[in-house]
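Got a minute for a quick tour of a fold? Have a look at the chain below, then we'll walk through how its pieces sit together.

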Amino acid sequence: MNFVFISPHFPSHFFHFVTALRERGVTVLGIGDAPYESLRPELRDSLREYYFVPSLHEEDALLRAAGYLTWRHGRLQRIDSLNEAWLEVEARLREDFHVPGLQPTDIHRMRSKSGMAQVFQQAGVPHPDLIRVRDAGQVKDFAARVGYPLVLKPDVGVGAANTFKVSNASDVDAALAHPLPTTYVAQPYVRGTIVTYDGIVDRHGAIVFTLSHEYSDGGMETVVERRDISFWSHLEIPPALDVLGRQVVAAFGLRERWFHLEFFRLPDGRFVVLEANLRPPGGFIPDMMNYTCDIDVYRLWARVMTGDPVADFRYTPRYHVCHSARRHGRRYQYTHDEVVKRLGPAFILHRELPPIYHSLLGEEMYLTRHTDLDAMQDAVRFIQATVSR
């Protein structure tokens, strides 16, 4: 199998996907915007060939790269990056080179928030009302029907970038004083806790692995208010969430893909779906999954991609693995050395995060592992304790 992996070097831990493919005999062909010499040795050793492009945003360059790799190695069987930023260009390359997977006709309903809303509605999965908007009048008309506050966000966007809350007509006028740079959607502001439904489907659409995570805050609040976010794995998936998650996966008709579905858990315990992302969960959650269940999701994904049997795959969530973020410039009560000493055996990893993560995840993160939820929450409070001013 010839597998073109776009941007195999970023995020940094994605090299594990490449090495897992290579272990299964796949010819992995990389296309990236980092010089070959800068790639980590394990990644270089796992790539049959690497094609450098100055920018992954230049579609013509990616088209030439894929054409060159076809000339050198023969027909391409898969093209992927596991990265939301390249979903559209991947789909066009698959269409151009007759490669199976998501095609351009699939992208609108799978990437735009308005397209997702149509899928959720057709599947009968609870979802907040949503409309596409371009001006203040449309937003106010919507608010007259559903009430304030509202959330405004790009119809196609990643994370909480360029997302904001409006609580009255004056907020709307201020937010839309200048034309919006792209098509936005408006939704009622939902008060709830974000929980996820994450996993992998095989080539027949069967879910072979799934896990749920909970966030301390929403993405918009974390970015706008610069909160210290934390998120952790659950040992059990609530039955109602599992039912809805499976409905969404089936409605999108996913094959050979990761999925990362976000839901609100409302104060009364009900779940409503927020959005679907057709990629691994963000940050270092794939590693958190491994620590949670003592497995290797990178190798599991590679087995799915090569069509190898996965019926024998078994896993049991054993630990609450938690990502706790800290921000530079904020005064914390305990130093890094004090945190590591206090955490003891629960401490797994500390890492400075790349700039692209800073607005949402902070500048540094700690991973910890706990068998007890209360102990995990105590650890989060210790890591993120700030000096009172």
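Here's a short rundown of the sheet and the helices around it. Keep in mind that this is a predicted model. At its heart for this briefing is an open sheet of 4 strands with parallel pairing, and helix α3 packs on that sheet.

**The sheet**
- Reading across, the strands come in the order β3-β2-β1-β4.
- β3 (49-52) and β4 (78-80) sit at the edges with a single partner strand each, so one side of each has no neighbour in the sheet.
- Going from one strand to the next, the twist averages 15°.
- Strands β1 (residues 2-6) and β2 (residues 27-32) run parallel and are joined by 5 bridges.
- If you want a spot to zoom in on, V4 stands opposite L29 in β2.
- As a general reminder, strands of a sheet pair through backbone hydrogen bonds, either parallel or antiparallel.

**Helix on sheet**
- Helix α3 (residues 59-73) touches β1, β2 and β3 as it packs on the sheet.
- The direction of α3 makes about 155° with that of β2.

**Helix on helix**
- α3 also packs with helix α4 (residues 87-97), at an angle of about 40° and with the axes 11 Å apart.
- That angle is why α3 and α4 count as oblique to each other.
- The crossing of α3 and α4 is right-handed.
- On the α3 side, the contact uses E59, L62, L63, A66, G67 and T70, which meet V89, R92, L93, D96 and F97 in α4.
- Sorted by class, this α3 and α4 contact has 6 nonpolar, 2 polar and 3 charged residues.

Definitions and conventions
Residues numbered from 1 in each chain as written. Predicted model: local features only at pLDDT ≥ 70, side-chain atom pairs only at ≥ 80, totals over all residues. Heavy atoms only, no water. Pairing = 2+ DSSP bridges. Helix = DSSP H or I, 4+ residues; strand = E, 2+ residues; numbered from the N terminus. Axes fitted to C-alpha atoms, helices over the stretch in contact; angles between N-to-C directions. Contact = heavy atoms within 4.5 Å. Parallel < 35°, antiparallel > 145°, perpendicular 65-115°, else oblique. Left-handed = near helix turned anticlockwise from the far one by under 90°. Nonpolar A, V, L, I, M, F, W, Y, C, P; charged D, E, K, R; others polar.
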